[in-house]
Amino acid sequence: MEKFLAKFNHSQASSSTNGNPSSLIDDLNLDSLEADPGKRVPIAHYNNPRIKDEVRKHYIQKGPCQPQMDSYPPTKIGKRVRQFCKIWFEGPYSKWLEYSVEKDSVYCLCCYLFKDDFFHGSTSEFYTKTGFRSWNRALERFRKHVGDVNSIHNKCFNKMLDLSNHHQSIQVVIDKHSQKVKNEYRMRLEASIDVSRLLLQYGLPFRGHDESESSINQGFFLGLLRWHGDKHPDVGKVILENAPQNDTLTCPMIQKDIANACAKETLKAIIGDLNGDYFGILVDESKDISQKEQMALVLRFVNKNGEVVERFICLVHVSDTSACSLKKAIYSLLSVHSLSPSKIRGQGYDGASNMKGEINGLKTLIMKDSPLAYYIHCFAHQLQLTLVAIAKKHLDVEDFFDHVSNVLNVVGGSFKRRDLL
C-alpha cells in the first residue's frame, strides 16, 4: 500500500494541537478560510463548538474543492508515473472527493469536517497522496489495508448530509412557525431583496443621513421599500411598521447580507458564463484612502454567445505589492472559484517592474506555470506614457493640452457658455 499512497499520521496532528493551546482558534473570519484542502486549518484547531459548526457549514455550502485542470502533476511511484484524473470528480465520489493543487493530493471533505468526532486523538492514519492509475483498485487495497475506515467515512458522510439539511436543525425544530407567518416573512424578505437589487444595479447608496421615523428623507433603501409597499398593499401590510419589530429585515446588517448574497450570485453567473474555458487576467494594485494595498482582478474571456467580455471579480487586500504576494493572491482567488491557472491565456498589467519584470515580475512568475499566458501591456497605460513623453519633448503639445483643459473648465462651468458654444 505504501507504494501507492503516502501516509498522514492523524495522531501526530492531534497531539501537536493538544500540546500547543495557543494554536486553538477562538475567532472566525469566513473570508479567510482556505479553499485548497492542503492549506486548510484542521477542524480540531477551532476551540469553540459554534465556530466549528460555522466552518463546517461554510465548506459544505462551498462544496468540495475540485479544480478542473488540463493535466495534473505526474508522480513517479516505483517504476511507473501516475497522476490524478479529473474524471474521478464524477460519479459516487463527486460529493466529497477534493484535490489540492498546493500538495498534489486528494482529500475527503466529509472526513476532514467530522473525523475528529470519531477518532479523538487515536493512532489512526489517513492516506492523502495520489499516484495511482486505477481509482477502484486503489480503493480496494485501501479498504483491505485499513479495515473499517469505510464505515468511519460513511458516518462522516452522513453527518455532512445531516448538517446540510436545514430542516433537521435544532432551530427549525424549536421555531415551528405557522404557514401564515412563514409567508409574511418571505414577502418581507423578497421586498428587501428586490429593493437591494435595484440599488445595486444602479450603484446607489442604501442608507440616509437620518433614518428615524420622523425624517422626510430616510435614504434610498427605506424610501423605495415604503414606495414598494404603497404600490402593493399586500406587501405593505407586512413590512416596516406593520412587521414584528425584531423581524423587519431592514437593519444595516441585513442590507449587507443581501448585498453579499447578490455579489456571490453574480460571481456564480460569471463563472458559469466562462464555462471552464480559457481566460485572460487584468490586474492592477493601488492604495485606498486608509493606505492599504489592494488588488483588483478582472477576467477577460469569450462568453457562451461568442462575445469577448471583461468581468470584474473582486477587490482584495494584499500584504505587499511584491510579485510573489500578488501571484499568491491571484491563485487563491482562482482556487476559490475552481478556476485553474493553467487556463490562463493572457495577462494585462501596467508597466511597473513588479508586474512586467523579466526576472521576478508577476508576468514571468505566471508564465513559468502557464507558458501560454502571454503578456500585453495595458493600452490605456501606454497612451498615458506616450502623451507624457511627447509633452515633455514638445512644448507645443504641452501647451495644447493646457489650453484644452482650460477651455473645458471654463465652458463646463456655465450653462450660458455651453449654449453659446
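Trainee: Which residue forms a salt bridge with Lys 327?
Mentor: This is a predicted model, so local features need pLDDT of at least 70 and side-chain atom pairs count only at pLDDT 80 or more, while totals for chains, interfaces and linings use all residues. Residues are numbered from 1 along each chain as its sequence is written, and side-chain values use heavy atoms, leaving out hydrogens and water. A salt bridge here is a side-chain nitrogen of Lys or Arg within 4 Å of a carboxyl oxygen of Asp or Glu. With its closest N and O atoms 3.0 Å apart, the pair qualifies, and the partner of Lys 327 is Asp 369.

Trainee: How many residues apart are Lys 327 and Asp 369?
Mentor: Helices (H or I, at least four residues) and strands (E, at least two) are DSSP runs, numbered from the N terminus. The pair links distant parts of the chain, with Lys 327 in helix H12 (residues 323–336) and Asp 369 in helix H14 (residues 362–369). Their separation along the chain is 42 residues.

Trainee: Is Asp 369 buried or partly exposed?
Mentor: Buried means under 20% relative accessible area and exposed over 50%, with partly exposed in between (1.4 Å probe, protein chains only). Because the relative accessible area of Asp 369 is 41%, this residue is partly exposed.

Trainee: Which residue meets Arg 188 in a salt bridge?
Mentor: The closest N to O distance in this pair is 2.8 Å, and the partner is Asp 247. This pair also links distant parts of the chain, 59 residues apart: Arg 188 is in helix H8 (residues 179–202), and the other residue is in the loop between helix H10 (233–236) and helix H11 (252–274). Arg 188 is buried, and so is its partner, Asp 247.

Trainee: Why are Asp 53 and Arg 56 separated by about one helical turn?
Mentor: Their side chains meet in a salt bridge, 3.6 Å from N to O. Asp 53 is partly exposed at 31% relative accessible area, whereas Arg 56 counts as buried at 6%. They are about one helical turn apart because both sit in helix H2 (residues 49–62), with a spacing of three residues.

Trainee: Which helix gives the most to the nonpolar patch?
Mentor: Patches are made of residues with over 30% relative accessible area and no salt bridge, joining like charges within 9 Å and nonpolar side chains (Val, Leu, Ile, Met, Phe, Trp, Tyr) within 5 Å. Leu 383, Leu 387, Phe 400, Phe 401, Val 404 and Leu 408 form this one, with about 560 Å² of accessible area together (Shrake-Rupley method, 1.4 Å probe, with only the protein chains shown as cover for residues). Helix H15 (379–393) and H16 each supply at least two residues. With four residues, the helix that gives the most is H16.

Trainee: In which helix is Glu 398 found?
Mentor: Asp 396, Glu 398, Asp 399 and Asp 402 form a negative surface patch; Lys and Arg count as positive, Asp and Glu as negative, and His and the chain ends are not counted. The place of a charge is taken as NZ of Lys, CZ of Arg, CG of Asp or CD of Glu. Glu 398 is partly exposed at 34% relative accessible area. Its helix, covering residues 395–412, is H16.

Trainee: What is the bridge partner of Glu 98 in E5?
Mentor: Two strands pair if DSSP finds at least two bridges between them. Strands E4 (residues 97–100) and E5 (residues 105–108) run antiparallel and are joined by four bridges. In their hairpin, which has four residues between the strands, Asp 104 takes a positive phi near 50°. The partner of Glu 98 in E5 is Tyr 107.
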